[in-house]
Amino acid sequence: MNTNIQTSSPIVVSFKDRSKKIFNQLGMLIILALLIIIMMVFAPNFTDSSNILNVLKQSSITAILAAGMTLVILTGGIDLSVGSTLALTGVISVLLSNAGIPPVVAMLAGAAVGYVAGAINGFLTAVPKLPSFIVTLGSMTYLRGLAYVITGGYPVVLASEQFKFIGAGKILGIPTPIYVMLIVYIIMFIVLKYTMFGRHVYAIGGNEEAAHLTGIKVNRTLIHVYSISGLLAGISGVVMAGRLFSGQPMVGIAFELDAIAAVVLGGTSFVGGRGRIQGTIIGVLIVAVLTNGMTLLNVDFYWQQVVKGIVIVIAVLLDRLRSRT
């Protein structure tokens, strides 16, 4: 009798652990598939190729922001400034382009402004050890304020047709923002999976003190992480300006919430040290499909915000459940 218990118990535990592992890895993918099926039933035009491309195009900005946010959250931090960085970099790049600077140089300059803004966040978080929430909350305010000061609060119309291509152009019938998004995710996948920097990011998120004791340059890595987040927010700002044909100081408000929701939905732990960039893109698609589906179903915009807020709460709850397994 006892022999049977001893031989069956490990099998039960193993099956349970395997089920949890499968849920952790595929749970969000299954939820995305169910969400798509629901939208196909209740909104038949959801599967139109034009709508699918529109979903991917609309989600590309959030996806690029979320890629940088993934890095930050993997270290156990948060970046609330990405939406404001997006607005400021879009405004600056458009102004430079309208002033006669070659469009490519203007776009690079806008992205560089995002990189510098992120580096300042990283420095304040890493060196004086200020909480990232407070640092980026402050930068969220002053970066948005700078965008308003520079423009006087009014949109700046983009004149360059070449600039518009980055946000509104197409290559082989596919919008260019989708290509930008794919390039960002391929690079981020390689960085996180195959580089020493990627391993350091996970190590810092797992245990910052232990990472420091093993010789990892924690401060330098954190500055790089926030700089990359700012750079990707800058790229998002350039793409957004090209899509809107203008630099708008009010654009990007609350985009950081969509990015955070996508990252956590994708399985990256809020406490850091665990997560994958592949999961983030699934989280982005969940938010995008949900938003697009509600629009097709004529759900009131304000109710859409309510639903998205609930999704964020559920994402945090799922993260807590995953942390206990």
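User: Is Asp258 buried or exposed?

Analyst: In this predicted model, Asp258 is buried, with a relative accessible area of 16%. The cut-off for buried is under 20%, so Asp258 meets it.

User: Where does Asp258 sit, and which residues does Asp258 touch?

Analyst: Asp258 is placed in helix 11. Not counting residues up to four places away in sequence, Asp258 touches Thr62, Val287 and Lys308.

User: How many residues of helix 11 are buried?

Analyst: Nine of the eleven residues of helix 11 are buried, so the helix is largely enclosed by the rest of the structure. The buried residues of helix 11 are Glu256, Asp258, Ala259, Ile260, Ala261, Ala262, Val263, Val264 and Leu265.

User: What follows helix 11?

Analyst: Gly267 follows helix 11, and the phi of Gly267 is positive, near 105°.

User: Which residues that are not glycine have a positive phi?

Analyst: Ala254 is one of them, with a positive phi of about 70°. Leu172 is another residue that is not a glycine, and its phi is positive at about 55°. As background, most residues other than glycine have a negative phi.

User: Where are those two, and are they buried or exposed?

Analyst: Ala254 is in the loop between strand 4 (246-247) and helix 11. Ala254 is partly exposed, with a relative accessible area of 30%. Leu172 is in the loop between strand 2 (170-171) and strand 3 (174-175). Leu172 is exposed, and its relative accessible area is 81%.

User: Let us step back to the whole chain. How many helices and strands are there?

Analyst: The protein chain has 13 helices and four strands. Of its 325 residues, 46% count as buried.

User: What share of the contacts joins residues far apart in sequence?

Analyst: Among contacts in the protein chain with a separation of 6 or more, 79% are between residues 24 or more positions apart.

User: Now the interior. Which residues touch the most other members of the largest nonpolar core?

Analyst: Val184 and Tyr185 do, in a core of 39 residues. The elements that give two or more residues to this core are helix 2 (49-74), helix 3, helix 7 (176-194), helix 8 (196-206), helix 10, helix 11 (255-265) and helix 12 (277-296). Helix 2 gives the most, with eleven residues.

User: What is Tyr185 in contact with?

Analyst: Leaving aside neighbours within four places in sequence, Tyr185 is in contact with Ala63, Ile64, Ala66, Ala67, Ile277, Thr280, Ile281 and Val284. Apart from the largest core lies another core, of 15 residues, among them Leu32, Val287, Met294 and Leu318.

User: What about Ala288: where is it, and is it buried or exposed?

Analyst: Ala288 lies in helix 12. Ala288 is buried, with a relative accessible area of 14%. Leaving aside neighbours within four places in sequence, Ala288 is in contact with Val55 and Ser59. The C-alpha atoms of Ala288 and Ala262 are separated by 9.3 Å, and these residues are 26 apart along the chain.

User: On to helix packing. At what angle do helix 3 and helix 10 pack?

Analyst: Helix 3 (residues 82-98) and helix 10 (residues 218-244) pack at an angle of about 55°, and their axes are 7 Å apart. That makes helix 3 oblique to helix 10. The crossing of these two helices is right-handed.

User: Which residues meet there?

Analyst: From helix 3, the residues are Val82, Thr85, Leu86, Thr89, Gly90, Ser93 and Val94. From helix 10, they are Ser229, Gly230, Ala233, Gly234, Ser236, Gly237, Val238, Met240 and Ala241. By class, this contact has seven nonpolar, nine polar and no charged residues.

User: How do helix 7 and helix 8 pack?

Analyst: Helix 7 and helix 8 pack at an angle of about 70°, with their axes 5 Å apart. The two helices are therefore roughly perpendicular to each other. Val191, Leu192, Lys193 and Tyr194 in helix 7 meet Met196, Phe197, Gly198, Arg199 and Tyr202 in helix 8. By class, the contact has six nonpolar, one polar and two charged residues.

Key: Residues numbered from 1 in each chain as written. Predicted model: local features only at pLDDT ≥ 70, side-chain atom pairs only at ≥ 80, totals over all residues. Heavy atoms only, no water. Axes fitted to C-alpha atoms, helices over the stretch in contact; angles between N-to-C directions. Parallel < 35°, antiparallel > 145°, perpendicular 65-115°, else oblique. Left-handed = near helix turned anticlockwise from the far one by under 90°. Contact = heavy atoms within 4.5 Å. Nonpolar A, V, L, I, M, F, W, Y, C, P; charged D, E, K, R; others polar. Core = buried A, V, L, I, M, F, W, Y, C linked by side-chain atoms within 4.5 Å. Buried < 20%, exposed > 50% of the residue type's maximum accessible area, 1.4 Å probe, protein only.
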